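Trainee: Before we use any descriptive terms for this model, could we go through what justifies each of them?

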Amino acid sequence: MGSLRKNKFLVVSIFSDFQKTAHLFLSRTQVKLDQDSLNEDKNLVEKLAIIKQKKAEKEALQQQLKDRGEKQISTVDEDARLLTKRGETVAGYNVQIAVDNKHRLIVAEDVVQDGNDMQQLAPMLEKAQSILQSENLDGLGDSGYFNGSQIKACEDQNITVYVPVPDKSRRMAEKGRLTREQFEYDTEQDCYVCPQDEKLTRRGKPLQKGGKNYIRYKSDAAVCAECPLQKKCLSEKAKSKQIERWEHEEVVDHHKQRMAKNPNKMRQRAALAEHPFGTLKHRAGINHFLMRGLEKYGGEFGLMVLGYNFVRVINLLGVDFLRDYCVQRQKNKLKNSQYA
Ligand code: SF4
């Protein structure tokens, strides 16, 4: 959810652009002043002082970024981040909710700084699982949540995930090139089989990328040299085809099969998760947070969720029932279990 002005953000690339411009201006101005020292241009001297001050301020911010190992900083709210969703960039925080299918209540919420949702699937579903005290849980998310490691983390906790698999091969297919999906993995023989029925066999040591281990499978260069599909299959300089397979790729393979068998799950997801956001934004008019800082943001969003759930409970149970329940609780005459 965005709440800040984007131009109050400084990112590493903007820093370096500013530094280059400032450096150029300072050196040119200094040369001009040195050449014309007897007849100093007061405006130029003032401009020089302002640019020097701004440069010093930016350098201090840049040092802060370097110390924190981050790539962007907001001068309004240093916890906020630039977030990109569906091609649109907003400045603010990434809010997460998990909604239960039975009562449509928000059972878990969080506010995070990540620019996308790729690391949020397992934390949110595990939180929901713990709150619902459910041993087995089905969790639905949009394609922004697709991440093999997160799907595996969910499965390890008995959470079955339904998240659309992003189509990364579309451009390749449009160009008439062979896509990864056209190479079938043979579990028994531990190899890939290409559209020409040739095997890509395991080669070398696993590769490490982004904290994951990938196993390499390669075709025979001599066979590929004679192949009629060579131009569609290999890049210009490659002599053979190489496929990298994540060591837990079977999790993704099962996930793809599950998604193909359950095409209606995504319609269910949209109805569940978009309704609370739509209600908060358009009915309650909450488009922006008022607080600054991750902790306060979290508190503010928690209150929004409480308000949403409260209205939802009234809609489910009715005002009279809820009022009676509250009165009874206050008198300590009724235990929760009687109303469960
Ligand atoms: S180029 Fe090699 S890997 Fe590609 S389709 Fe032909 S034989 Fe198979």
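**Terms and their grounds**

Mentor: Let us start with helix α8, whose buried residues are Glu-249, Val-251, Val-252, His-255, Arg-258 and Met-259; please keep in mind throughout that this is a predicted model.

Trainee: What makes a residue of α8 count as buried?

Mentor: The criterion is a relative accessible area under 20%, so each of the residues listed for α8, His-255 and Arg-258 among them, falls below that limit. These buried residues pack against α4 (148–156), β9 (159–162), β14 and α9 (265–283).

Trainee: How do you know that the span of α8 is close to the expected one?

Mentor: Helix α8 covers residues 249–261, which is 13 residues, and reaches 19 Å from its first C-alpha to its last. The expectation is 1.5 Å times one less than the number of residues, which for α8 gives 18 Å, and the span is therefore close to that value.

Trainee: Why are α4 and α8 called roughly perpendicular?

Mentor: Their packing angle is about 85°, with the axes 9 Å apart. Because angles of 65 to 115 degrees count as roughly perpendicular, the pair α4 and α8 earns that description. The contact involves Gly-148, Ile-151, Lys-152 and Glu-155 of α4 together with Val-251, Val-252, His-255 and Arg-258 of α8, and by class it has three nonpolar, two polar and three charged residues.

Trainee: What makes β13 and β14 a pair of strands?

Mentor: Pairing requires at least two bridges, and five bridges join β13 (residues 212–218) to β14, so the requirement is met, with the two strands running antiparallel. One of the partnerships sets Arg-216 against Glu-244 in β14.

Trainee: Why is β14 called an edge strand?

Mentor: The open sheet has five strands in the order β10-β11-β12-β13-β14, with antiparallel pairing. Both β10 (184–186) and β14 (242–246) pair on one side only, and they are the edge strands. Neighbouring strands of this sheet are turned by 40° against each other on average, direction ignored.

Trainee: How do you know that both faces of β6 are covered?

Mentor: In a regular strand the side chains alternate between the two faces of the sheet. On one side of β6 lie Asn-94, Gln-96 and Ala-98, on the other Val-95, Ile-97 and Val-99, and all are buried; that is six of the six residues in this strand, 94–99.

Trainee: What makes β6 and β7 partners?

Mentor: Six bridges link β6 to β7 (residues 106–112) in the antiparallel sense, and Asn-94 stands opposite Val-112. The two strands form a hairpin with six residues between them, where Arg-104 in the turn has a positive phi of about 60°.

Terms used:
Residues are numbered from 1 along each chain as its sequence is written. This is a predicted model: local features need pLDDT of at least 70, side-chain atom pairs count only at pLDDT 80 or more; totals for chains, interfaces and linings use all residues. Side-chain values use heavy atoms; hydrogens and water are left out. Helices (H or I, at least four residues) and strands (E, at least two) are DSSP runs, numbered from the N terminus. Axes are lines fitted to C-alpha atoms, for helices over the stretch in contact, and angles run from 0 to 180 degrees between N-to-C directions. Buried means under 20% relative accessible area, exposed over 50%, partly exposed in between (1.4 Å probe, protein chains only). Contact means heavy atoms within 4.5 Å. Angles under 35 degrees count as roughly parallel, over 145 as roughly antiparallel, 65 to 115 as roughly perpendicular and the rest as oblique. Ala, Val, Leu, Ile, Met, Phe, Trp, Tyr, Cys and Pro count as nonpolar, Asp, Glu, Lys and Arg as charged, and the others, Gly among them, as polar.
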